[in-house]
Amino acid sequence: PGRLLSALRIQCTSPPLRPGRVTVEVSVNGGIDFTSSGSVLDVYTRFTVLSKSPEEGPMGGGAKMIVLGTGFREEMRMSCYFGSSSESPVHSEYISPNELSCAIPPSTSLGPVPFQLCWGQKVNCVAGGSYTYRDDLHLLGASPLSGPDSGGTVVWINMNSPVPSEMQCSFGSIRVP
């Protein structure tokens, strides 16, 4: 049923529909007559979020999150939300019908926050689990401070907070597992 919002504005919720274009019209006499405005609703297959990476990161944000799913469309203008529904959206970058990316925003608090992927101005949202903000990582010290150019030097590194097991080290521009 429709809902009267003001004398000139109503709200109607669509029933389940097949993908495609459908006209939207209004009746005020029990469905005997309808308007004939030709307004169109573009019905799409509901998008899903299957996974995202990374699942956690520093409070300073800045990294790109890759979101994998189905039903993404370039013209849909998708946004990522990190935290409560009052948080500002982060507009996504369309990569393919199954992949988007979002810049992870900074946070003022540690811990998990809800993650949502939304179309439009939160017209349609899909929950995507949570994203966990952790302390910004800082290398506090390393030992030894020198080693041969042939490699193989075991370097002990002290960090300011716990590090996940999926971490990587880099020596100059070379990354090592």
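This is a short tour of a predicted model, with stops in its core, at its salt bridges and on its surface.

**Stop 1: the core**

Start by selecting Phe47, Val67, Phe82 and Leu117. These are the residues with the most contacts inside the largest nonpolar core, which has 21 residues. Now colour the strands β7, β8 (78-82), β11 (99-103), β12 (111-119) and β13 (124-134): each of them supplies at least two residues of this core. If you're wondering about the general idea, nonpolar side chains in soluble globular proteins tend to be buried together.

Stay with Phe47 for a moment. Which residues is Phe47 in contact with, leaving aside its neighbours within four places in sequence? Show Thr70, Gly71, Phe72, Met76, Met78, Leu117, Cys118, Trp119, Asn124 and Val126, and you have the list. Leu117 turns up again here, having already appeared among the core residues with the most contacts.

**Stop 2: salt bridges**

How many salt bridges does the structure hold? There are five, and we'll visit some of them.

Select Lys52 and Glu55. Their side chains meet in a salt bridge, 3.1 Å from N to O. Is Lys52 buried or exposed? Lys52 counts as buried because its relative accessibility is 9%, and the cut-off for buried is under 20%. Its partner Glu55 has 43% and counts as partly exposed.

Next, pick Glu93 and Lys64. Here the closest N and O atoms of the salt bridge are 3.0 Å apart. This pair links distant parts of the chain: Glu93 sits in strand β10 (residues 93-96) and Lys64 in strand β7 (residues 64-70), 29 residues apart. Glu93 is partly exposed, at 41% relative accessibility.

Now hop to Arg73 and Glu75, a salt bridge whose closest N and O atoms are 2.6 Å apart. Add Asp42 to your selection, and you'll see one network of Asp42, Arg73 and Glu75, joined by salt bridges that share partners. Arg73 is partly exposed at 26% relative accessibility, while Glu75 is exposed, with a relative accessible area of 54%.

**Stop 3: a nonpolar patch**

Finally, switch on the surface and select Leu137, Leu139, Ile157, Met159, Val163 and Met167. Together they form a nonpolar patch on the surface, with about 460 Å² of accessible area. Where is Val163? Look in the loop between β15 (156-159) and β16 (169-171). With a relative accessible area of 37%, Val163 is partly exposed.

Terms used. Residues numbered from 1 in each chain as written. Predicted model: local features only at pLDDT ≥ 70, side-chain atom pairs only at ≥ 80, totals over all residues. Heavy atoms only, no water. Salt bridge = Lys/Arg side-chain N within 4 Å of Asp/Glu carboxyl O. Buried < 20%, exposed > 50% of the residue type's maximum accessible area, 1.4 Å probe, protein only. Helix = DSSP H or I, 4+ residues; strand = E, 2+ residues; numbered from the N terminus. Patch = residues over 30% accessible without salt bridge, like charges linked within 9 Å, V, L, I, M, F, W, Y side chains within 5 Å. Areas by Shrake-Rupley, 256 points an atom, 1.4 Å probe, with all protein chains shown as cover. Core = buried A, V, L, I, M, F, W, Y, C linked by side-chain atoms within 4.5 Å. Contact = heavy atoms within 4.5 Å.
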